[in-house]
Amino acid sequence: AAKPKLFYFHGRGRMESIRWLLAAAGVEFEEEFLETREQYEKLQKDGRLLFGQVPLVEIDGMMLMQTRAILSYLDAKYNLYGKDLKERVRIDMYVDGTLDLMMMIAVAAFKTPQEKEESLALTVKKAKTRYFPVFEKILKSHGEGFLVGNKFSWADIQLLEAILMMEELDASILSDFPLLKAFKTRISNIPTIKAFLQPGSQRKQPPDSHYVQVVRDILQF
Ligand SMILES: CCCCC[C@H]1O[C@@H](O)C[C@@H]1SC[C@H](NC(=O)CC[C@H](N)C(=O)O)C(=O)NCC(=O)O
């Protein structure tokens, strides 16, 4: 079958969690990077953007939009979605929590330097006082290697992605979370994820001023 094809900017944004999930599932994917307004307008003109937005993922003969819908399709397809509805809803809760945290970082890139600094400091605080304590407690309460059902799931992938992103903001952020530290090591050593963490993989860098400018130019905001 043809490899999935991802259409987005050459950066993390809303597409990075999709890259992580595909990589963790061991699925090779292609990428088309939007670098110019013309590319974006052509996708729109060709009717390939449902709401005029990206991420866009071409997979299984479909053009998928809406990050959460794409992620849900992928993790069900690659069996990373728990064994029943009760596990599935817990995975969804944890995933939405880590997505909220990561979106705070992604959106901060588009703020003024002053606002960006303030919002990233708040994000670190929220990670330390709200999100990481929750996940530390979950790992403690059922003492298993994974967040749900003692089986590797989408929730584990996204939590690792969020942990690594938060460590880019504050390298000692896990100092009060020993179980999350061990979790990070364990999940990072899963072969498909270990490969994705190597230099040269399709994992993207933190947003820089060039990325922000390209997105602004393309989306004209
Ligand atoms: C989250 C921030 C990541 C960095 C940049 C992104 O955030 C947004 O500010 C822009 C991009 S993402 C690009 C943006 N996409 C979305 O907002 C998608 C939202 C949708 N609910 C999803 O989850 O996929 C876009 O195409 N906008 C065109 C426009 O609506 O006309």
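Begin by selecting N79, which lies in the loop between helix 3 and helix 4. Before going further, keep in mind that what is on the screen is a predicted model. If you look at the backbone of N79, you will find that its phi is near 55 degrees, which is a positive value in a residue other than glycine. Is N79 buried, exposed or something in between? Its relative accessibility is 48%, and because the partly exposed class runs from 20% to 50%, N79 counts as partly exposed.

Next, select the ligand together with the residues around it. The ligand is surrounded by 18 residues, and the closest of these are Q53, V54, Q66, T67 and F110. If you display pockets in your viewer, you should find the ligand sitting in the largest pocket. The residues of the surrounding shell can be coloured by type, and they then divide into 12 nonpolar, 5 polar and 1 charged.

Which helices should you highlight as suppliers of at least two residues each to this shell? They are helix 4, which covers residues 85–108, and helix 9, which covers residues 209–219. Of the two names, helix 4 deserves a second look, since the largest share of the shell, 3 residues, comes from helix 4.

Now zoom in on three polar contacts of the ligand, taking them one after another. At V54, a backbone N or O atom lies 2.7 Å from a nitrogen atom of the ligand. At Q66, a polar side-chain atom lies 2.7 Å from a nitrogen atom of the ligand. At T67, a polar side-chain atom lies 2.9 Å from an oxygen atom of the ligand. As for the ligand's surface, the ligand taken alone exposes 700 Å², and the protein buries 76% of that.

Stay with V54 and add the residue that follows, P55, to your selection. The peptide bond from V54 to P55 is cis, with omega near 10 degrees. P55 itself is found in the loop between helix 2, residues 37–45, and strand 3, residues 56–59.

Return then to Q66, which is found in the loop between strand 4 (62–65) and helix 3 (67–77). Although Q66 is not a glycine, it has a positive phi of about 75 degrees. With 40% relative accessibility, Q66 counts as partly exposed.

Move on to helix 1, residues 16–24, where 9 of the 9 residues are buried, so that this helix is largely enclosed by the rest of the structure. Among the buried residues you can click on are E16, R19, W20 and L21. Just beyond, helix 1 is followed by G26, whose phi is positive, near 75 degrees.

Keep L21 selected and add S153, which has its place in the loop between helix 5 (113–142) and helix 6 (154–169). How far apart are S153 and L21 in space, C-alpha to C-alpha, given that 132 residues separate them in sequence? The distance between them is 9.6 Å. S153 is buried, with a relative accessible area of 2%.

For the last stop, select S201, in the loop between helix 8 (191–196) and helix 9. S201 is partly exposed, with a relative accessible area of 24%. If you draw a line from the C-alpha atom of S201 to that of G82, which is 119 residues away along the chain, the separation is 27 Å.

Technical notes: Residues numbered from 1 in each chain as written. Predicted model: local features only at pLDDT ≥ 70, side-chain atom pairs only at ≥ 80, totals over all residues. Heavy atoms only, no water. Near = heavy atom within 4 Å. Polar contact = N/O pair within 3.5 Å; in protein donor to acceptor, adjacent residues only side chain to side chain. Areas by Shrake-Rupley, 256 points an atom, 1.4 Å probe, with all protein chains shown as cover. 1 Å grid on protein atoms, 1.4 Å probe; cavity = no way out; pocket = protein on both sides within 12 Å on 5 of 7 lines; lining within 4 Å. Sits in = over half its atoms within 2 Å of the grid points. Helix = DSSP H or I, 4+ residues; strand = E, 2+ residues; numbered from the N terminus. Nonpolar A, V, L, I, M, F, W, Y, C, P; charged D, E, K, R; others polar. Buried < 20%, exposed > 50% of the residue type's maximum accessible area, 1.4 Å probe, protein only.
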